[in-house]
Amino acid sequence: MNEVLRQEKKFLISADQYYQYSHYFENILSLDAHSHGDGYEIRSLYFDSLDDRDFQEKEDGVEVRRKIRLRNYGADSPFAMLEMKQKQGILQKKRSLKMKREDAEKLMTGEYSILLQYPDDFAAECYALMSMHCYRPVCVVSYMRKAFIAKENKIRITFDHHIAASESNFDIFSNDLIQNSVLHPYLAVLEVKYNGFLLSYIKDTINRIDKSETALSKYCLGRTIGKHYLF
């Protein structure tokens, strides 16, 4: 199990700002090893309780809340990451467990007992939570991500674009995953993730973008149809 605790800031930017600032960061930060061109694909299958507790707590702005998702990096991924993100005030805690592809495929069908084969306490916690509150798959969200890294404070700068979702096909390993766009293709989401404090030269760059922070949630965007969500 891997655990990170950090602050996250999100900004909704235009496509031309994405190209402008991603080019700028290429000159001052290290490109994520997986990024090339406009980035790499991410697919996330979100789970929620029968009464959509996690969705509703996000909508209501509950200070301490969680999301559970299964993430991979495209149809050919040999593994997936089971992740739990927990909002705690200004901080985000993310715990993750690497799962074999065949185990992840069982989890997608509701076979949560597969988690008991993993010795990690986090796996047991997820099993108990998902079973007790009747979690089930609710949507898949996919997008392209271009990411940059600064070694100081474990800073990550990411640009997510071409965000699409499905509320009917939950197979993140499918070669035929049909999705609908849930954010205008001319828009992108800039995320700044860091521990401790944000370095001044990165902070100054973010301030020049002249955009207010947003609480945009890709999970909520993925429920556009089922929950009539409008950002």
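Six residues, Tyr18, Tyr19, Tyr24, Phe25, Phe148 and Phe159, come together in one aromatic cluster. The model is a predicted one, and it contains 11 aromatic pairs. A pair of this kind is described by the distance between the ring centres and the angle between the ring planes. In the pair of tyrosine 18 and phenylalanine 159, the centres are 5.5 Å apart and the planes stand at 55°, an arrangement classed as tilted. Tyrosine 18 belongs to helix 1 (residues 15–28) and phenylalanine 159 to strand 8 (residues 155–166), so the pair ties together parts that are 141 residues apart in sequence. Both partners are hidden from the surface: tyrosine 18 is buried, with a relative accessible area of 2%, and phenylalanine 159 is buried, with a relative accessible area of 0%.

Aromatic rings also take part in another kind of arrangement, in which an arginine lies over the face of the ring. The table sets out two examples.

| Arginine | Ring beneath | Distance from ring centre |
|---|---|---|
| Arginine 208 | Tyrosine 24 | 5.7 Å |
| Arginine 223 | Phenylalanine 55 | 5.7 Å |

Tyrosine 24, whose face is covered by arginine 208, is also a member of the aromatic cluster.

The nonpolar cores are considered next. The largest of them has 26 residues, and those with the most contacts inside it are Phe47, Leu70, Met99, Leu107 and Leu115. At least two residues of this core come from each of strand 3, strand 4 (64–72), strand 5 (79–88), strand 6 (91–100), helix 3 (101–108) and helix 4 (121–132). Helix 4 gives the most, with five residues. Leucine 70 illustrates the packing: leaving aside neighbours within four places in sequence, this residue is in contact with Arg43, Ser44, Leu45, Phe47, Ala80, Met81, Leu82, Met99, Ala104, Leu107, Met108 and Ile172. Apart from this core lies another, of 20 residues, among them Phe11, Tyr21, Phe148 and Ile157. Phe148 is thus named in two settings, since it also belongs to the aromatic cluster.

Leucine 50 offers a further case. Its place is in the loop between strand 3 (40–48) and helix 2 (53–60). Is this residue buried or exposed? Leucine 50 is exposed, because its relative accessible area is 60%, and the exposed class begins over 50%. Leaving aside neighbours within four places in sequence, leucine 50 is in contact with His133, Cys134 and Arg136. Leucine 50 and asparagine 27 are 23 residues apart in sequence, while their C-alpha atoms are 47 Å apart in space.

Definitions and conventions: Residues are numbered from 1 along each chain as its sequence is written. This is a predicted model: local features need pLDDT of at least 70, side-chain atom pairs count only at pLDDT 80 or more; totals for chains, interfaces and linings use all residues. Side-chain values use heavy atoms; hydrogens and water are left out. Rings of Phe, Tyr and Trp (its six-membered ring) pair if their centres lie within 6.5 Å; planes under 30 degrees apart count as stacked, over 60 as edge-to-face and the rest as tilted. Helices (H or I, at least four residues) and strands (E, at least two) are DSSP runs, numbered from the N terminus. Buried means under 20% relative accessible area, exposed over 50%, partly exposed in between (1.4 Å probe, protein chains only). A charge sits over a ring if NZ of Lys or CZ of Arg is within 6 Å of the ring centre and within 35 degrees of the ring normal. Contact means heavy atoms within 4.5 Å. A nonpolar core is a set of buried Ala, Val, Leu, Ile, Met, Phe, Trp, Tyr and Cys residues joined through side-chain atoms within 4.5 Å.
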